[in-house]
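Please open your viewer and keep the sequence panel beside it, since this tour moves between the two. At each stop you will be told what to select and what to look for there.

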Amino acid sequence: MKILLDILHPAHVHFFRNAVEELTGKGHEVLVTARDKDLTLRLLDLYGIPHRVISREASGKAGLAGELATRNIRLARLVVKEKPSVLGSIGGISTAQVGFMTRTRNLIFYDTENATVSNRLSYPFATEVVTPDCYRGWVPEGKHVPYAGYHELAYLHPDRFAPDPGILSTHGVDPQEPFTVVRFVSWKAMHDVKARGYSPEDKLLLARTLQEHGKVYITSEAALPEQFEKYRLPLPPHQVHHLLAFAQLIIGESATMASESAVLGTPFVYLDVVGRGYTDEQEGRYGLGYNFRPWQVRESVDKAEEALKGNLKDSDRFREGHSRMMAEKIDVTEFIVERLLDAGTRLR
């Protein structure tokens, strides 16, 4: 079977990379198209995944609309030429619309409820919309396929990933010493047009507060001001999950990194305008983190300090919640492979 996967973001590389390996190992042909955004192409190269670049990241409503038109045209030409049995993507407007136009079965894997514009442009054209079962957004009737898991369990499930303290030591990080990881995003995604996070003053307050409880490492999509250079992440970005596993706390603006932390057994503090169904579940059902809104900056900093002072990560309550979550969730890569093969052979 021929399967086409469209990669729009670095996190999507992680989500699909194990599935690519399993599918090719089963004798299927996997075509990967990519968007030149942040570290996406570098990650594809690092994992040895051949790919074709069909667009480059744009910003603003007009730029994103122009990029979408370019993606659709280029992807449609490729689908007509290669005739894949099924298309797959995370939140992919292009794969949904092109799949609909070319009568090619297409699956959208998604977990972001507040991407209302892109969801309205993609979900109606999809064959299936596959989401975590904690997803609380709109999905057209008859298309929804929920599962017991999170995107991050496609690559951080214990069967797929083992934290390596040696990698930290190689880059000058002592895994035995307490440290916190901070994540800032660029706010350039379509669902980020009206979103906001920590201001420059907030970021400085956050770093100064956290450094009283150990080292602080900052990873940022946007360029870091000079005063933050001493906090810059010491590891290559593709090895950041080893750092998250040994941190005492993760705080920042990335829902993905918050969920990665929860899966790895590290508490998170997450700041966003509306939050996510999965980070809310990780807080409310399992007690693995805390969700805040942009007007709660001071509260988020206080909660981070409280978690560090109380050594939340090593508490019985936190460990019990993490163990229960992992027992109730699945290996998502197995599910991805199953759905893609099922769509390519049986769905109409």
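The tour begins with the whole chain and then visits a few helices and single residues.

**The whole protein**

Begin with everything displayed as a cartoon, and keep in mind that this is a predicted model. As you turn the protein, look for its 13 helices and 12 strands. Next, show the C-alpha atoms alone: taken along the principal axes, they fill a box of roughly 60 × 40 × 40 Å. How does the radius of gyration of the protein relate to that of a compact globule? A compact globule with 348 residues would have a radius of gyration near 20 Å, and the protein agrees with this because its own value is 20 Å.

Now switch on the surface, whose accessible part comes to about 14,700 Å², with 50% of it belonging to carbon and sulfur atoms. Beneath that surface, buried residues make up 58% of the 348 residues. If you count contacts with a separation of 6 or more, 61% of them are accounted for by residues 24 or more positions apart. Colouring by charge gives another view, in which the mean positions of the 43 positive and 45 negative charges are 7 Å apart.

**Helix α13**

Select residues 332–345, which form helix α13. Its 14 residues should span 20 Å at 1.5 Å a residue, and the end C-alpha atoms are indeed 20 Å apart, so the expected and the computed span agree. Is α13 mostly covered or mostly uncovered? It is mostly covered, with 10 of its 14 residues buried; among them are V332, F335, I336, V337 and L340, and also the charged-type names R339 and D342. To see what the buried residues of α13 pack against, display the strands β1 (2–7), β4 (86–90), β5 (105–109), β6 (128–132) and β7 (144–147), together with helix α1 (10–25).

**H151, in a loop**

From β7, move along to H151, which sits in the loop between β7 and α6 (165–170). H151 is buried, because its relative accessible area is 6%, and buried means under 20%. Leaving aside residues up to four places away in sequence, H151 touches F15, I90, F109, Y110 and D111. Add P132 to the selection as well: it is 19 residues from H151 along the chain, and their C-alpha atoms are separated by 7.7 Å.

**F100 and R103**

Go next to helix α4 (residues 93–102), where F100 is found. Its contacts, not counting residues up to four places away in sequence, are N106 and F125. Measuring from C-alpha to C-alpha in your viewer, you should find F100 and P124 9.3 Å apart, although 24 residues separate them in sequence.

A little further on is R103, in the loop between α4 and β5. R103 counts as exposed because its relative accessible area is 81%, and exposed means over 50%. R103 also has a positive phi of about 60° although it is not a glycine.

**K83, with a positive phi**

Select K83, in the loop between α3 (60–82) and β4. K83 is not a glycine, yet its phi is positive, at about 50°, and its relative accessibility of 62% makes it exposed.

**Helix α10**

Finish at residues 277–284, helix α10, where the buried residues are G277, Y278, T279, E281 and Q282. What covers them? The cover includes α9 (255–264), β11 (268–271), β12 (289–292) and α12 (316–328), which you can display around the helix.

Key:
Residues numbered from 1 in each chain as written. Predicted model: local features only at pLDDT ≥ 70, side-chain atom pairs only at ≥ 80, totals over all residues. Heavy atoms only, no water. Helix = DSSP H or I, 4+ residues; strand = E, 2+ residues; numbered from the N terminus. Rg over C-alpha atoms; globule rule 2.2 N^0.38 Å. Buried < 20%, exposed > 50% of the residue type's maximum accessible area, 1.4 Å probe, protein only. Contact = heavy atoms within 4.5 Å. Areas by Shrake-Rupley, 256 points an atom, 1.4 Å probe, with all protein chains shown as cover. Lys, Arg positive; Asp, Glu negative; His and termini not counted. Charge placed at Lys NZ, Arg CZ, Asp CG, Glu CD. Expected span 1.5 Å × (residues − 1).
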